[in-house]
Amino acid sequence: MFTSIDFVSILPEILILALAVILLCVEPFWKEEERRNAGWLTAGGLFLIIIISLLFGQPGEPTAVFGGMIRFDWLGFFFKLLFMFAAAVTSMLLMDHEKAGGRGEAYLLLLASVLGMNLMAASADLIMLYLAIETASIPLYILAGFLLTDDRSTEAGFKYLLFGTLASTVMLYGFSLIFGFAGTTNLYLLSDLFASGKISAVLAFSVIALVLMGIGFKVAVVPFQFWAPDVYQGSPTPVAGFLSTASKAAGFAVIVRFFIVAFPDYAPSWTVLLAALSAITMTVGNLLALSQTNIKRLLAYSSIAHAGYAMIGIVAFSQLGAASVVFYLAAYIVTNLLAFGVIMAFSRVTGSDDIKDYAGLSRRNPWLALMMLAAFLSLAGMPPFGGFVGKVFVFAAGVQAGYVWLVIVGILNSIIGVYYYLNTMKYVYLYRLPDEDEEDHPVLLTRPYAIALAVLVIGVILVGTVFAPWFSWSNSAALNLF
Amino acid sequence: MNFPILSVITFLPMVAAVIMLMIPADRKTEVRGVALATAAIDLLFSGWMYLQYLLGHMTGYQFVEEYRWLPALGISLKFGVDGMSAPLVLLTGIVMFTGVLISWGEYNPEKHLSAGIQDRPREFFAFLFLLAGGVFGVFVSLDLFMLFFFYEIAVFPMYLLISIWGWVKTREYAAMKLTLYLFIGSVVALVGALVMYWQAGQNTGIYTFDMLQLEKAGFSASFQNIWFLPVFIGFAVLGGMWPFHNWSPDGHVAAPTAVSMFHAGVLMKLGAFAALRVGVMLLPQGAYDWKWLIMTFAGIAVVYGAYIAFVQTDMKYMIGFSSVSHMGLVILGVSTLNHDGLVGAGVQMFSHGVMTALFFAITGMIYDRTHTRQIPELGGIAKVMPFATIGFIIGGLVSMGMPGFSGFIAEFPIFMGVWGRAWLLAVVASISIIITAAYIMINIRKVFFSPMPEEIEKHHIGDITVLDKVAIATLCFCMIVIGIFPAVMVPMVETGVQHILALLGGQ
């Protein structure tokens, strides 16, 4: 019944499940103060899974497994690696969170969510896709509202749950329409059906619109972005970081597969739609970020803007475009996790997320300030950090496809971005504490932060300088889409 | 495999920046020691490279290194220098070395002196060296992608350097203005570069960022006409080209001394060089068709910059606008697209870099002691700082284009070149020489030789340090040597110009 390729294709998921079971069995026997070690277990386990997957689980030729439910190819595989990396780092950042770090459930939920995301990236069937999206989302609803005694967190959890369910039901309605008209739920069969002209263009578009709304919510593109700032602000910071990176990237993995594989013949139309969304998303995200005083809200709007940049690669509808989206997301995940990691490390000591409280950080902890600088410059698209290369590739794909106007919109937006990112860094480097006694108020890092942030900062620089291996992976991910 | 001298020159400062960041923050002397040692080694390497090129009578691109970085998109780390860029590499080495010397950071409360960088020198030198690495990278890159990569690296540390260590009154405003101007310029040029990349790939079937390949891409005249201006002006913003020069004097004034030296001495050359390298050399037909516009802008910059410099009362603003005027001459020389003009532009880039670094260094020394840069409030500096006075006078003579100094060697061919294209413009532009002479001489008389005001007298200011003297002597030496023996630079620049003229195809 099951062949070895079936097994290999879901090797990471099997291992994640095993890790979750181990965590579940071990954690109750730990003493209260030892429970944060669940973070080490999760992070270590995930890194081990990444290595095992790289050694034994690399896909060859794309194959459909489990009766076409799952596609075993590089697109899914590379995204899986990214999600697991993000989750590993997030669990390290969670460890010293005052209220969430000592509770094993948090790590378990994180693992459950990653399991769902992995399947999102790999699924080739609407039913599988929907199940995967729900598996990924429901643990995140809980994680967002994890701090029960904190009103903002509860609000964030509820808001995310309500809007998330709404978006997913709308998307499910779209899926059901597809099945009703096409008689199949397999993405790879849909493209032929839609190409044959048996299904009307009106239907195709209504389906595209409905699905776009569901996925648009996940990746937070305008006009489905409104939940993001409130949820990011209220959630525990590492969870917000995870939401803004892995969850967003999972949405993009679905967009890439769904639009490019199932609707290639309608590409001239939906690329225009996505181009418009991309331009609006970038502009709205960046303009609203300008006036933020809370750093988590600032990053929320900036992450909305980044969804817009990444979308340029999909609009390009080419192999380079898809590869550049994947590369962009890889760079963005590492960068934004670094940014949220710095914020987490800072707020753990100071208890504040206000930008003005970052004054004097470069004297309170020069290393943390440098890491924040690396993260923000990378977000702004400056070399030698990953964000620069990602932006250039995405823009190059846009220019190649003839979307020069969209690239120019992107460039104008990145100038706005430079302004507010540097403005934030001004507090860190230029301003001082009211009494100028920074030496007496150091911001110390605990071990999990030191390790996680060091890994991330090296990652940001590696992606930005030695970009050939990452690009060739991204390229193999895009290779079989066209 | 030869010794990869260009990679070493480029990456040494960046490595040193990382090493400095590893040193504990309170060990300032060690940080300064590492900085000075690195700068000295880099200067030796770039000087050695320059001498080899000069004495070997080399032509074309030399010391070429190529590492395939991302073959899928035709990106490679390709370094090489020609007669145009070799002097600029040397210039960067010189400015970096002297910049470290004058930022050393002597603190002497008795003499009312806290010169150089006292606050967080570790971060200061690290950012400065990152910037220097970026600048070297642009001058030696033969790959368009890498050129942008290094160009951006050279831009953003500027924001931090100015906003953290700059002049309290205007630093936040000036730093942000400068960064946004330069970033806008560079990304506009980036779009042009991406378009060139795809168009060249379509024309030749080879998708590559290698500029030596792009030179042969055969862009159509209409394509060149559309994309020349965005690319050229995008880069020329950093060259302080009128009407996009506005960021530059503000940036000069707000920046700490070493950064002003870097900024006016090297960064503005970066803009002019990249505009020449990417704009003119890759899109020669566009340059030919638009030269009237560029010449007009440059001509206005030359005279207007000199006039605004003349009416300034702040020494740094004066030098800042004089930089706009002198960089206008560089762009004017480039826009003539003939032999004389281009040779002049090449030499002027070096000459002005050294000269303006000297001006800013001395202005910084005066400001550190008197705490003012207002020309009316200053006086009698010659009594206490004779060495600096001589340095300033030499710089002034270069600025006026006196024979016997490098300024003459640079400006004379530029005016010759302009005469060949539009004699009227040459006449108009030469007015700037008179204005320059006026403001330099007035400034020298007032600041250095008029009686010392009581306000300054009572502070008992002291002379400059030995390190400062070494810096001034180094800079003056360069200007005099080129003035007396033009053969140390002009033939070399000419070899670079030959290549550009070949691309222009005899137009």
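Me: Helices (H or I, at least four residues) and strands (E, at least two) are DSSP runs, numbered from the N terminus. Where is the place of Phe66(A) in chain A?
Reply: The model is predicted. Strand E1 of chain A covers 63-65, and strand E2 covers 70-72. Phe66(A) therefore falls past the end of one run and before the start of the other. Its place is the loop between E1 and E2.

Me: What is phi of Phe66(A)?
Reply: Most residues other than glycine have a negative phi. Phe66(A) is not glycine, yet its phi is positive. The value is near 50 degrees.

Me: Is Phe66(A) buried, partly exposed or exposed?
Reply: Buried needs 20 or more other C-beta atoms within 10 Å, and exposed needs 12 or fewer. Phe66(A) has 17 such neighbours. The count falls between the two cut-offs, so Phe66(A) is partly exposed.

Me: And Glu436(A): buried, partly exposed or exposed?
Reply: Glu436(A) sits in the loop between helix H18 (404-429) and helix H19 (447-465) of chain A. Its phi is also positive, near 55 degrees. It has 9 C-beta neighbours inside 10 Å. The limit for this class is 12 or fewer, so Glu436(A) is exposed.

Me: Which peptide bond to Pro223(A) is cis?
Reply: Most peptide bonds are trans. Pro223(A) lies in the loop between helix H9 (201-219) and helix H10 (227-234) of chain A. Omega is near 10 degrees for the cis bond, which runs to Pro223(A) from Val222(A).

Me: In chain B, what is omega for the bond from Trp242(B) to Pro243(B)?
Reply: Pro243(B) is in the loop between helix H8 (221-236) and helix H9 (247-254) of chain B. The bond to it from Trp242(B) is cis. Its omega is near 5 degrees.

Me: What radius of gyration does chain A have?
Reply: Chain A has 20 helices and two strands. Its C-alpha trace spans about 75 × 55 × 40 Å along the principal axes. A compact globule of 482 residues would come out near 23 Å. Chain A agrees with that, at 21 Å.

Me: What share of the residues of chain A count as buried?
Reply: In chain A, take the contacts with a separation of 6 or more: residues 24 or more positions apart account for 80% of them. The burial figure is taken over 482 residues. It comes to 61%.

Me: Which helix gives the most to the largest nonpolar core?
Reply: That core has 397 residues. Those with the most contacts inside it include Leu82(A), Leu329(A) and Ala272(B). The top contribution is 22 residues, from residues 319-350 of chain A, helix H14.

Me: Which residues is Leu82(A) in contact with, leaving aside its neighbours within four places in sequence?
Reply: Contact here means C-beta atoms within 7 Å. Leu82(A) is among the residues with the most contacts inside the largest nonpolar core. Its partners are Ala249(A), Leu329(A), Ala330(A) and Ile333(A).

Me: Which element gives the largest share of the side of chain A that touches chain B?
Reply: The contact takes 28 residues from chain A and 24 residues from chain B. Elements giving two or more residues on the chain A side are helices H16, H17, H18 and H20. By class, that side has 23 nonpolar, four polar and one charged residues. The largest share is 11 residues, from H18(A).

Me: How many residues of H16(A) are buried?
Reply: H16(A) reaches 21 Å from its first C-alpha to its last, close to the 21 Å expected. Pro366(A) lies in this helix and is partly exposed, with 17 other C-beta atoms within 10 Å. Buried ones include Leu368(A), Met371(A) and Phe376(A). Out of 15 residues, the buried number is 12.

Me: Which helices do the buried residues of H17(B) pack against?
Reply: H17(B) has 27 residues and reaches 39 Å, close to the 39 Å expected. Its buried residues include Leu425(B), Tyr439(B) and Phe448(B). They pack against chain B helices H11, H12, H14, H15 and H16.

Note on methods: Residues are numbered from 1 along each chain as its sequence is written. Chains are lettered from A and ligands numbered from 1 in the order in which they are written. This is a predicted model: local features need pLDDT of at least 70, side-chain atom pairs count only at pLDDT 80 or more; totals for chains, interfaces and linings use all residues. Two residues are in contact if their C-beta atoms, placed from the backbone, lie within 7 Å. Ala, Val, Leu, Ile, Met, Phe, Trp, Tyr, Cys and Pro count as nonpolar, Asp, Glu, Lys and Arg as charged, and the others, Gly among them, as polar. A nonpolar core is a set of buried Ala, Val, Leu, Ile, Met, Phe, Trp, Tyr and Cys residues joined through C-beta atoms within 7 Å. The expected span of a helix is 1.5 Å times one less than its number of residues. The radius of gyration is taken over C-alpha atoms; the globule rule is 2.2 Å times the number of residues to the power 0.38.
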